[in-house]
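Here are a few exercises on how strands and helices fit together. Have the structure open and try each task before reading its solution.

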Amino acid sequence: MPGLEHLPYAEVWFHAVDDEAWAEASAAARELGKPGLEAWTTTATPEVVEFLVARGYEEVRRYRISELDVAAAPDPGPPAFSLSTFAERPDLADALYALARVAYGDQPGRAGSRIDEAWVDWGLRASEPEGSLIGLEDGRVVAYGSIERKDDGLWWHGFLAVAREHRGRGLAGAIKRAQIAWAKANGVPQLRTATELRLEGMRALNRRLGYTPLYDEIVLRGPGHPAS
Ligand SMILES: CC(C)(COP(=O)(O)OP(=O)(O)OC[C@H]1O[C@@H](n2cnc3c(N)ncnc32)[C@H](O)[C@@H]1OP(=O)(O)O)[C@@H](O)C(=O)NCCC(=O)NCCS
């Protein structure tokens, strides 16, 4: 998970209960100097959660994956704030990086995240520049929300951040609505979003905008396999 690489956990996905895969992942993690694992699974495989919890793992984050049928979604209307795109304002990369550095660690369960300048490439420039929106007030960056097409061809809302002193004013909602409008105008069939369960306001907003929950991604942390 970007920003958490310094923690003593290596990240691994488990789609089935598999003691051998756990041992292999744990051995590989130890070679990287990581005694523990950050294990990802979904609500489609509750037996994986049970297996890991029985071995000392604890849930640390949970992301609700929801999807919007873009064509069927109601028109979100004009955004309540004026927004620019990264395509229009590539000169704002440094200010967006400064916002991301603070907001990364403010995400639920991700305190202590550290990102460096490389984020500008893998986070900012890798996103769709026309659909990645920037909130500006008095010429200063106050919000940013990205959109990206992943390798499987699906479109996702990416990182969303509002400057601490501007939260709770509707900026995130304005960005999400403008992204839906962009998706409609560009023939994007579906938009997916991953929302940590503690972000109740964003989950309520997703429901209001018409996103349908598909499944949850569950993140657990715990020790490596004792035999690794
Ligand atoms: C999460 C974050 C982006 C929200 O930004 P924000 O600008 O404070 O959010 P908004 O003010 O637009 O609120 C979002 C929506 O939730 C609604 N809302 C807020 N609290 C609510 C609650 N308790 N119940 C129901 N709705 C709520 C708001 O009314 C708004 O909906 P609207 O647009 O229809 O009015 C911001 O807190 C942040 O940057 N956090 C750190 C980074 C992060 O966690 N990013 C998200 C994961 S990528």
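**Exercise 1.** Find the bridge partner of tyrosine 9 in E2, and describe how the chain gets from E1 to E2.

*Solution.* In this predicted model, tyrosine 9 has glycine 36 of E2 as its bridge partner. Next, look at the strands themselves: E1 and strand E2 (residues 36–42) run parallel and are joined by five bridges. Finally, trace the connection: from E1 the chain passes through helix H1 (residues 19–31) to reach E2, a right-handed β-α-β crossover.

**Exercise 2.** Do E2 and strand E9 pair in the parallel or the antiparallel sense, and over how many bridges?

*Solution.* The pairing of E2 with strand E9 (residues 212–223) is antiparallel, with seven bridges. To locate it, start at leucine 37, whose bridge partner in E9 is glycine 222.

**Exercise 3.** Write down the strand order of the open sheet and name its edge strands.

*Solution.* The nine strands are ordered E1-E2-E9-E3-E8-E7-E6-E5-E4, and the pairing is mixed. Strand E1 (9–13) and strand E4 (83–85) are the edges, each pairing on one side only. Neighbouring strands in this sheet are turned by 25° against each other on average, direction ignored.

**Exercise 4.** Which residue of E7 stands opposite isoleucine 147, and which strands does helix H5 touch?

*Solution.* Opposite isoleucine 147 stands histidine 157 in E7. Six bridges connect the antiparallel strands E6 (residues 140–149) and E7 (residues 155–162). Helix H5 (residues 171–185) packs on the sheet, touching E3, E4, E5, E6, E7 and E8, and its direction makes about 40° with that of E6.

Methods. Residues are numbered from 1 along each chain as its sequence is written. This is a predicted model: local features need pLDDT of at least 70, side-chain atom pairs count only at pLDDT 80 or more; totals for chains, interfaces and linings use all residues. Two strands pair if DSSP finds at least two bridges between them. Helices (H or I, at least four residues) and strands (E, at least two) are DSSP runs, numbered from the N terminus. Axes are lines fitted to C-alpha atoms, for helices over the stretch in contact, and angles run from 0 to 180 degrees between N-to-C directions. Two residues are in contact if their C-beta atoms, placed from the backbone, lie within 7 Å. A crossover is right-handed if, with the strands pointing away from the viewer, the path from the first strand over the helix to the second runs clockwise.
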